[in-house]
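I opened a new page in my notebook for this one. Come along while I look up the strands, the helices and a few side chains.

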Amino acid sequence: IQITITGADDAPTISGEFSGSVTEDALVDDDGNLIAQGTLAVTDPDVGEASFQSATNIQGTYGSLDIDSSGNWTYTVDNNLEAIQSLATGEQLPDSVEVASYDGTVQTVNITINGTTDILSGNAIDGYIEGATIFADADGDGVLDEGEAFAVTGDDGAYSLTNAEGRLVLLGGDGAIDAATGLTFRGQLEAPAGSSVVTPLTTIISKLVESGSAADAASAQVMVKTALGISSTEDLLTFDPIEAALSGGSSASDGLEIAKAGVVLQNLAIQAGSAVRGASDADTGTDGSLSWGEATSSVFETIATKISSLGNTELPETVTVFEELVNGTAQVAGLSSEAQASLAASADEVAAVMLSGMETLDTFSADPIAALTEMAQTASVLQHDSSADIEAAIEAAADGDAAGISTLLTSYTGTALEDAIS
């Protein structure tokens, strides 16, 4: 009598760690990933089947999982995913991945991604800019929208933003003060996402990135340093030049160099912006037809365009270059062809005033406090006195009265400018 015993697949028993968790921004590896690990075990009456099907890159909703035949699994997820970075403390994302034993029995591994509230802190700096609105421009439209993280800068231009997404935008006016001069800070500054300082320099970097002229903020920073002759190796997106200069430490000279470059840029932005505002007002017959934010943003965009065309060379400091800056800003700001033509007739005189102002900072005191004071005095004259006169002169010149243009040259160049600053 022959008996045939037919085998049947016996269900295995799987045990071990069926779940794991990771936390946003915690224990991030060198590749920017969050990692969870565990081990599964399997027993199976069927000979040779007490193991797992090894596999790599098994996809879940957010991350992926690798498992070896012994049941050791590793879950990996990119910490920088928007879905993860937008989580606040107490919020979670569930993920799950299915693995299989030798005979195909499926086991689900569940992962919990825990959120943390991200706080981005930093300082707004021309001098320290206090009382200004700063926000994270999540949708990139340059307007503070409902739901976007925002704050008002405090002492020393300090800000803290919760779960900030997108580039940073700082709005002048409406109570914003440059603490170095005690005068109203006018205009608009920007910085790439995640920056811990917002300055005229970070604004150019942001413009280069936003326009596609630079692949990323690091590349844009190299372009800006080259164009402006900045020798410091400090990171312009995180470095506080005022704090460094006042510290008296090894980075004090870097602080003065970078502070000077920022003040020079803001002086140019306000003076060129004033000229364009005057031309716009004359053309439209309306005072304030172009806001300070629109005017200075257009100046910074024009400077960024010029820098992107330079290659690996410094920005020439000439009347011709600054005349191009004034006329280019008018075009970027969307002035009518008539207004652009009217402004072009006086742009060389405005450019001469801008160049003269820049040259006042060619040298400054070696003492940090004295040097910062000299920069503040220069900013006070160029960003307020001269800018007001430039705007009025351009508007009057459009109506045929060129007297103000002549007065600009006598008041804000040479000895007269030096006297006004001192």
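My entries below go through the sheets, then the helix pairs, then the aromatic rings.

**Before starting**
I noted that this is a predicted model.

**Entry 1: the sheet with strands 2, 8 and 7**
I began with the strand order. This open sheet has 3 strands in the order 2-8-7, and its pairing is mixed. Why is one side of strand 2 and of strand 7 left without a neighbour in the sheet? Strand 2 (19-23) and strand 7 (92-100) stand at the edges and have a single partner strand each, so one side of each has no neighbour there. I also looked up the twist, which averages 20° from one strand to the next.

Next I checked how strand 2 meets strand 8. Strand 8 covers residues 106-114, and strand 2 pairs with strand 8 in the parallel sense over 5 bridges. For a residue to click on, I picked serine 19, which has asparagine 110 of strand 8 opposite.

**Entry 2: the sheet with strands 13, 9 and 18**
Here I found an open sheet of 3 strands in the order 13-9-18, again listed with mixed pairing. Which strands are at the edges? They are strand 13 (158-162) and strand 18 (197-198), and each of them pairs on one side only.

I then followed strand 9, residues 119-124, to strand 13: the two pair in the antiparallel sense over 5 bridges. Leucine 120 has leucine 161 in strand 13 as its bridge partner.

A reminder I wrote in the margin: strands of a sheet pair through backbone hydrogen bonds, either parallel or antiparallel.

**Entry 3: a hairpin**
I went back along the chain to strand 4 (residues 55-59) and strand 5 (residues 64-67). These pair in the antiparallel sense over 3 bridges. How many residues does the hairpin use to join strand 4 to strand 5? The hairpin runs through 4 residues. Glutamine 59 stands opposite serine 64 in strand 5.

**Entry 4: helix 5 and its partners**
I took helix 5 (residues 252-284) with helix 10 (residues 368-398) to begin. Their axes come within 7 Å and cross at roughly 10°. Angles under 35 degrees count as roughly parallel, and helix 5 and helix 10 are therefore roughly parallel to each other. The crossing of helix 5 past helix 10 is right-handed. I sorted the contact of helix 5 with helix 10 by class, and got 16 nonpolar, 9 polar and 5 charged residues.

Then I turned to helix 6, residues 292-308. The axes of helix 5 and helix 6 come within 8 Å, and they cross at roughly 120°. That makes helix 5 oblique to helix 6. I noted a right-handed crossing where helix 5 passes helix 6.

**Entry 5: helix 9 and helix 11**
Helix 9 (residues 347-359) packs with helix 11 (residues 403-411) at an angle of about 20°, and their axes are 9 Å apart. Helix 9 and helix 11 are therefore roughly parallel to each other. Is their crossing left-handed or right-handed? I have it down as left-handed.

**Entry 6: aromatic rings**
I finished with the rings. Ring centres have to lie within 6.5 Å to make a pair, and by this rule I counted 0 aromatic pairs. I did find a charge over a ring, though: arginine 277 lies over the face of tryptophan 292, at 4.2 Å from the ring centre.

Notes: Residues are numbered from 1 along each chain as its sequence is written. This is a predicted model: local features need pLDDT of at least 70, side-chain atom pairs count only at pLDDT 80 or more; totals for chains, interfaces and linings use all residues. Side-chain values use heavy atoms; hydrogens and water are left out. Rings of Phe, Tyr and Trp (its six-membered ring) pair if their centres lie within 6.5 Å; planes under 30 degrees apart count as stacked, over 60 as edge-to-face and the rest as tilted. A charge sits over a ring if NZ of Lys or CZ of Arg is within 6 Å of the ring centre and within 35 degrees of the ring normal. Two strands pair if DSSP finds at least two bridges between them. Axes are lines fitted to C-alpha atoms, for helices over the stretch in contact, and angles run from 0 to 180 degrees between N-to-C directions. Angles under 35 degrees count as roughly parallel, over 145 as roughly antiparallel, 65 to 115 as roughly perpendicular and the rest as oblique. A crossing is left-handed if the near helix is turned anticlockwise from the far one by less than a right angle, and right-handed if clockwise. Ala, Val, Leu, Ile, Met, Phe, Trp, Tyr, Cys and Pro count as nonpolar, Asp, Glu, Lys and Arg as charged, and the others, Gly among them, as polar.
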